[in-house]
Amino acid sequence: QVQLVESGGGLAQPGGSLRLSCAASGFTFSSYDMSWARQAPGKQREWVARITSDTNTNYADSVKGRFTISRDAAKNTAYLQMNSLKPEDTAVYYCHVVTIYGEHWGQGTQVTVSS
């Protein structure tokens with residue numbers, strides 16, 4: 001069965017960095033686009049970044065130039081490097097994939113940006 005397990009969240013100061021990981025299993029990781037989304041308290045979930053199977057990337061305007069999405073096919077893992085963090089980046093961050101089996105989300109990892 002498809003599983004996505006996020007890790008790497010935590011508390012960061014404004015201007016700081018965090019690196020999120022998404023360990024994937026149950027599908028052919030290298031064949032599918034991977035995405036990150038986030039949901040802040042009281043707000044709708046929003047898309048953050050996507051990396052295609054051939055490593056093309058796209059970003060939401062709010063994170064462009066600060067966040068970098070990447071993937072390691074050998075480890076079946078997607079990453080989100082977050083730099084120059086802002087308090088408004090505070091949210092639960094989710095890994096996402098759509099496979100032939102359907103749409104899948106991880107359990108999420110909390111990112112809090114505060115001094």
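## Arginine 71

The side chain of arginine 71 reaches the backbone oxygen of threonine 52, at 3.0 Å, in what is a predicted model. A second backbone oxygen is also in reach, since that of phenylalanine 29 lies 2.6 Å from a polar atom of the arginine 71 side chain. In the chain, arginine 71 has its place in strand 7, which covers residues 67–72.

Which side chain of opposite charge is nearest to arginine 71? It is that of aspartate 33, 5.3 Å away, and arginine 71, although buried, has no salt bridge. A salt bridge here requires a side-chain nitrogen of Lys or Arg within 4 Å of a carboxyl oxygen of Asp or Glu. When neighbours within four places in sequence are left aside, the residues in contact with arginine 71 include Phe29 and Thr52, and also Tyr32, Asp33, Met34, Ile51, Thr77 and Ala78.

## The chain as a whole

The protein chain has 11 strands and zero helices, and its elements, read from the N terminus, run β-β-β-β-β-β-β-β-β-β-β. Taken along the principal axes, the C-alpha atoms fill a box of roughly 40 × 25 × 20 Å. A compact globule of 115 residues would have a radius of gyration near 13 Å, and the protein chain, with 13 Å, agrees with this.

Of the 115 residues in the protein chain, 43% count as buried. Among the contacts between residues at least 6 apart in sequence, 53% join residues that are at least 24 apart.

## The disulfide

The structure holds one disulfide, which joins cysteine 22 to cysteine 95 with an S to S distance of 2.1 Å. This pair links distant parts of the chain, with cysteine 22 in strand 3 (residues 18–25) and cysteine 95 in strand 9 (residues 91–99), 73 residues apart. A disulfide is a covalent bond between the sulfur atoms of two cysteines.

Is the disulfide left-handed or right-handed? The torsion about the S-S bond of cysteine 22 and cysteine 95 is about -85°, so the disulfide is left-handed. As for their surroundings, cysteine 22 is buried, and cysteine 95 is buried as well.

## Arginine 38 and the salt bridges

The structure holds four salt bridges. One of them is formed by arginine 38 and aspartate 89, whose closest N and O atoms are 2.9 Å apart. This pair links distant parts of the chain, because arginine 38 is in strand 4 while aspartate 89 is in the loop between strand 8 (77–82) and strand 9, 51 residues apart. Strand 4 itself covers residues 34–39. Arginine 38 is buried, with a relative accessible area of 5%, and aspartate 89 is buried too, with a relative accessible area of 0%. The side chain of arginine 38 also makes a polar contact with the side chain of tyrosine 93, at 2.9 Å. Not counting residues up to four places away in sequence, arginine 38 touches several further residues, among them Gln44, Arg45, Val48, Ser62, Phe67 and Val92.

Aspartate 89 takes part in another salt bridge, in which its side chain meets that of arginine 66 at 2.7 Å, N to O. Arginine 66 lies in the loop between strand 6 (57–59) and strand 7, and aspartate 89 in the loop between strand 8 and strand 9, so the pair ties together parts that are 23 residues apart in sequence. At 11% relative accessibility, arginine 66 counts as buried. Which residues make up the network of salt bridges? Arg38, Glu46, Arg66 and Asp89 are linked in it.

A further salt bridge brings together the side chains of lysine 64 and aspartate 61, at 3.1 Å, N to O. Aspartate 61 is exposed, with a relative accessible area of 66%, whereas both arginine 38 and aspartate 89 are buried.

## Histidine 104

Histidine 104 has its place in strand 10, which covers residues 102–105, and is buried, with a relative accessible area of 16%. A polar atom of the histidine 104 side chain lies 3.2 Å from the backbone oxygen of glycine 102.

How many residues apart in sequence are histidine 104 and leucine 4? They are 100 residues apart in sequence and 7.6 Å apart in space, C-alpha to C-alpha. Leucine 4 is one of the residues in contact with histidine 104 when neighbours within four places in sequence are left aside, and the others are Val2, Cys95, His96, Val97 and Thr99. Cysteine 95, in contact with histidine 104, is also the residue that a disulfide joins to cysteine 22.

Key
Residues numbered from 1 in each chain as written. Predicted model: local features only at pLDDT ≥ 70, side-chain atom pairs only at ≥ 80, totals over all residues. Heavy atoms only, no water. Helix = DSSP H or I, 4+ residues; strand = E, 2+ residues; numbered from the N terminus. Buried < 20%, exposed > 50% of the residue type's maximum accessible area, 1.4 Å probe, protein only. Lys, Arg positive; Asp, Glu negative; His and termini not counted. Polar contact = N/O pair within 3.5 Å; in protein donor to acceptor, adjacent residues only side chain to side chain. Contact = heavy atoms within 4.5 Å. Disulfide = S-S within 2.5 Å. Rg over C-alpha atoms; globule rule 2.2 N^0.38 Å.
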